[in-house]
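This report describes the fold of a single chain, moving from its overall make-up to its strands, cores, aromatic pairs and selected loop residues. The sequence and structure are shown first.

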Amino acid sequence: MDAALLLNVEGIKKTILHGGTGELPNFITGARVTFHFRTLKCDEERTVIDDSKQVGHPMHIIIGNMFKLEVWEILLTSMRFGEVAEFWCDTIHTGVYPILSRSLRQMAEGKDPAEQHVHTCGLANMFAYHTLGYEDLDELQKEPQPLIFVIELLQVEAPSQYQRETWNLSKDEKMQVVPILHGEGNRLFKLGRYEEASTKYQEAIICLRNLQTKEKPWEVQWLKLEKMINTLILNYCQCLLKKEEYYEVLEHTSDILRHHPGIAKAYYVRARAHAEVWNEAEAKADLEKVLELEPSMRKVVHRELRLLENRLEEKREEERLRCRNMLG
């Protein structure tokens with residue numbers, strides 16, 4: 001075991017456990033780094049907090065992509081291929097580790113940490129949670145402490161060597177890809193490919209939610225992103241209407257209207273979902289709200305009201321026939 005090496009960064013101490021091979025890899029911006037890691041407490045037992053080998057698959061980060069735990073980029077870029085090193089990191093570098101760990105555990109359990117950003121409007125800030133859902137992480141969050149990371153560097157790929165998922169993109173790239181995903185979703189919707197269209201809208205929403213977490217809530221840039229997100233969620237809801245997932249539509253549109261009660265399209269989409277589940281009064285109330293906010297939609301609203309009346313009359317006729325048959 002090599003002697004402890006102090007990296008040129010305050011609060012980090014490195015010990016090489018197994019030497020790597022060759023020169024230092026080319027850690028250019030956008031490169032994908034693959035590695036195994038084990039996180040330990042600095043107690044006498046060296047309590048293991050997380051271990052990627054136990055989970056069964058390695059970790060990836062993208063260089064220059066503002067990863068949640070920025071210190072990992074510093075640690076990794078000091079390593080050679082095949083190297084295994086132990087890094088002691090002081091509290092100044094480990095404060096956000098509990099939040100990262102929560103995301104990693106959720107993924108290992110088959111949950112999508114980004115799902116809350118798609119399905120829960122207004123909850124863009126993960127710090128809004130009082131608990132992380134794991135007792136040991138709650139303890140770490142309340143009392144930040146130095147941690148030990150044992151890391152094995154497996155692979156470094158240039159940006160051209162792998163297909164980048166939207167969450168791996170930089171801030172500028174996310175803003176550039178959102179209108180592309182939006183347009184692709186619209187194209188697929190017009191072709192009747194609603195499942196694929198909804199996936200495109202979801203990807204765009206996730207990109208914007210990720211950007212929104214870096215802005216101060218309710219300030220200009222945050223509100224600009226919120227407006228874009230709401231538009232995409234309503235497009236996503238149009239797909240859900242086509243897939244007959246009406247109650248999910250009610251959930252999303254109601255979330256939007258709780259925070260932004262002046263969006264006529266949200267009332268319109270919700271009215272259509274209410275109509276499909278026979279909520280006559282709620283559907284009519286929402287359509288009246290659409291007329292109040294957007295008088296130019298009068299023709300559309302009157303058409304929806306006629307459709308609703310026709311469907312209700314058909315339902316009433318079916319009920320009458322059913323009663324006659326029962327009595328007969």
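Helices (H or I, at least four residues) and strands (E, at least two) are DSSP runs, numbered from the N terminus. In these terms, tryptophan 278 belongs to the loop between helix H11 (264-276) and helix H12 (280-293). The model is a predicted one.

## Overall make-up

The chain contains 13 helices and seven strands. It has 328 residues, of which 43% count as buried. Among contacts with a separation of 6 or more, 70% are between residues 24 or more positions apart. The exposed area of the chain is about 18,100 Å², and carbon and sulfur atoms supply 52% of that area.

## Strand pairing

Strand pairs are summarised below.

| Strands | Sense | Bridges | Residues opposite each other |
|---|---|---|---|
| E1 (residues 5-6) and E2 (residues 12-18) | antiparallel | two | leucine 5 and lysine 14 |
| E2 and E6 (residues 84-89) | antiparallel | six | isoleucine 16 and alanine 85 |
| E3 (residues 32-41) and E4 (residues 48-51) | antiparallel | three | arginine 38 and aspartate 51 |

E2 pairs with E1 and also with E6. E1 and E2 form a hairpin with five residues between the strands, where glycine 11 has a positive phi near 85°. The hairpin of E3 and E4 has six residues between its strands, and arginine 46 in its turn adopts a positive phi of about 50°.

Glycine 82 is found in the loop between helix H2 (71-76) and E6. Its relative accessible area is 33%, so glycine 82 is partly exposed. Leaving aside neighbours within four places in sequence, the contacts of glycine 82 are His18, Gly19, Gly20 and Leu153. Glycine 82 and glycine 19 are 63 residues apart along the chain, yet 7.3 Å separates their C-alpha atoms.

## Nonpolar cores

In soluble globular proteins, nonpolar side chains tend to be buried together. Here the largest nonpolar core comprises 38 residues, and Leu208, Leu232, Val249 and Val269 have the most contacts inside it. At least two residues of this core come from each of helix H7 (171-190), helix H8 (194-212), H9, H10, H11 and H12. The greatest contribution is that of H9, with 10 residues. Another core, of 33 residues, lies apart from it and includes Ala85, Ile99, Leu132 and Leu137.

Valine 269 illustrates the contacts of one residue of the largest core. Not counting residues up to four places away in sequence, valine 269 touches Leu234, Cys237, Gln238, Leu241, Val249 and Thr253.

## Aromatic pairs

The whole structure holds eight aromatic pairs. One of them joins tyrosine 97 and phenylalanine 149, with 5.7 Å centre to centre and 55° between the planes, and is classed as tilted. Because tyrosine 97 lies in helix H4 (residues 97-108) and phenylalanine 149 in strand E7 (residues 147-157), the pair ties together parts that are 52 residues apart in sequence. Tyrosine 97 and phenylalanine 149 are both buried. Phe35, Phe37 and Trp72 join Tyr97 and Phe149 in one aromatic cluster.

## Loops with positive phi

Most residues other than glycine have a negative phi. Where is glutamate 244 placed? This residue sits in the loop between helix H9 (220-242) and helix H10 (246-259), and its phi is positive, near 65°. Its relative accessibility is 59%, so glutamate 244 counts as exposed.

Tryptophan 278, in the loop between H11 and H12, also has a positive phi, near 65°. Does tryptophan 278 count as exposed or as partly exposed? A residue is called exposed over 50% relative accessible area and buried under 20%. Tryptophan 278 has 34% relative accessibility, so it counts as partly exposed.

## Annotated repeat

An unreviewed UniProt entry carries the annotation "repeat: TPR" for residues 264-297. In the model, this span is 79% helix and 0% strand, and 9 Å separates the C-alpha atoms at its ends.

Conventions:
Residues numbered from 1 in each chain as written. Predicted model: local features only at pLDDT ≥ 70, side-chain atom pairs only at ≥ 80, totals over all residues. Heavy atoms only, no water. Pairing = 2+ DSSP bridges. Buried < 20%, exposed > 50% of the residue type's maximum accessible area, 1.4 Å probe, protein only. Contact = heavy atoms within 4.5 Å. Areas by Shrake-Rupley, 256 points an atom, 1.4 Å probe, with all protein chains shown as cover. Core = buried A, V, L, I, M, F, W, Y, C linked by side-chain atoms within 4.5 Å. UniProt positions renumbered as here; feature names shortened; annotations may be inferred. Phe/Tyr/Trp six-rings, centres within 6.5 Å; stacked < 30°, edge-to-face > 60°.
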